[in-house]
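Colleague: I've just opened this one and I'd like to learn how to read it. Could you walk me through it?

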Amino acid sequence: MQERVLPISVRQLNDPFVKSAHVHNYRCRSAFKLLEIDDKYKLLKPGFNVIDCGAAPGAWSQIAVHRVNSTGANGESPRGTVVGIDLLHIAPLDGAHFLSNHDITDPVTLAKLLELLPGAQPHVIMSDMAPNASGFKEMDHEKLITMSLIDLAEKVLQTGGSLICKYWDGALAHQLQQKLSAVFRDVRTVNPKASRKETSVVFPCPVVQKK
Ligand SMILES: C[S@@+](CC[C@H](N)C(=O)[O-])C[C@H]1O[C@@H](n2cnc3c(N)ncnc32)[C@H](O)[C@@H]1O
């Protein structure tokens, strides 16, 4: 079946999540994906330390900052930490530390990430990272970022901590599910309403807890 992709401007004009993102001052519509996941599974709690992989432009970090209370806006609740990382530049956000122009698959990045996290063991790692190329290379990149993410979670996530990550329902899905089940208990798959519908690809987002 041929993929139907609308021109970006028309698509955005017609998209209720784009309109709502403006109203709520979110940096992009993907905020609603994380809101839906977290409203359902309650993974982000005040006082938690969070790593946001592929954080630009910063909408997931905005949600995390609010939910883990990393600005200390709620004086009655514990204060958490949010560290975001991306290949691109991420504009500063109150309550978050950003590592712009860093690659999650680069081992040097890990040491820098941990320096920014108190106790060095995050409660939650989340990733909305997307492959950036097309064709065969896209699959290689998907594999690289997803496996790097599971590797990161295995190394640093606290026991009982959560990983929220996007993956593609394609050739690697089975291999990925096997790997996730080996490291995590409670692997759940959600397909948030805010995921774009007009392509033939689906973007399930597993939510998992470390064994
Ligand atoms: C869909 S966007 C993320 C949107 C973000 N969750 C938000 O709410 O603003 C995907 C991001 O993943 C980043 N990315 C892809 N591969 C990466 C890598 N290897 N290391 C770090 N970031 C990466 C891209 O640069 C892109 O900014």
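Colleague: Let's start with strand S4: which residues are buried on one side, and which on the other?

Modeller: Keep in mind that this is a predicted model. For a strand, look at its two faces in turn, with buried meaning under 20% relative accessible area. In S4, which spans residues 124-127, Val124 and Met126 are buried on one side. On the other side, Ile125 and Ser127 are buried as well, so both faces are covered.

Colleague: Which way do S1 and S4 run, and how many bridges join them?

Modeller: For pairing, go by the bridges, and ask for at least two between a pair of strands. Strand S1, residues 49-53, runs parallel to S4, and 4 bridges join them. To find the place by eye, go to valine 50, whose bridge partner in S4 is valine 124.

Colleague: And how many bridges join S4 to S5?

Modeller: There are 4 bridges here, and S4 and S5 (residues 162-165) run parallel. Here you can look for serine 127, whose bridge partner in S5 is cysteine 165.

Colleague: Now the ligand. Which residues come nearest?

Modeller: The shell around the ligand has 20 residues, and Ser30, Ala59, Asp86, Asp103 and Asp128 come nearest. Sorted by class, the shell holds 12 nonpolar, 5 polar and 3 charged residues. Two helices, H4 (59-68) and H6 (136-156), each supply at least two residues of that shell.

Colleague: What lies 2.7 Å from an oxygen atom of the ligand?

Modeller: For polar contacts, look for pairs of N or O atoms within 3.5 Å. One such pair joins a ligand oxygen to a side-chain N or O atom of serine 30, at 2.7 Å. Glycine 58 uses a backbone N or O atom, 2.9 Å from an oxygen of the ligand. Aspartate 128 has a polar side-chain atom 2.9 Å from a ligand nitrogen. As for cover, the ligand has 600 Å² of accessible area on its own, and the protein covers 88% of that.

Colleague: One last residue: is valine 183 buried or exposed?

Modeller: Valine 183 counts as buried because its relative accessibility is 11%. You'll find valine 183 in helix H7, residues 173-183.

Colleague: What is valine 183 in contact with, leaving aside its neighbours within four places in sequence?

Modeller: Try looking past the local sequence for this. Valine 183 is in contact with Ile150, Glu154, Lys210 and Lys211. Take lysine 211: 28 residues separate it from valine 183 in sequence, yet their C-alpha atoms are 6.3 Å apart in space.

Technical notes
Residues numbered from 1 in each chain as written. Predicted model: local features only at pLDDT ≥ 70, side-chain atom pairs only at ≥ 80, totals over all residues. Heavy atoms only, no water. Near = heavy atom within 4 Å. Polar contact = N/O pair within 3.5 Å; in protein donor to acceptor, adjacent residues only side chain to side chain. Areas by Shrake-Rupley, 256 points an atom, 1.4 Å probe, with all protein chains shown as cover. Nonpolar A, V, L, I, M, F, W, Y, C, P; charged D, E, K, R; others polar. Buried < 20%, exposed > 50% of the residue type's maximum accessible area, 1.4 Å probe, protein only. Contact = heavy atoms within 4.5 Å.
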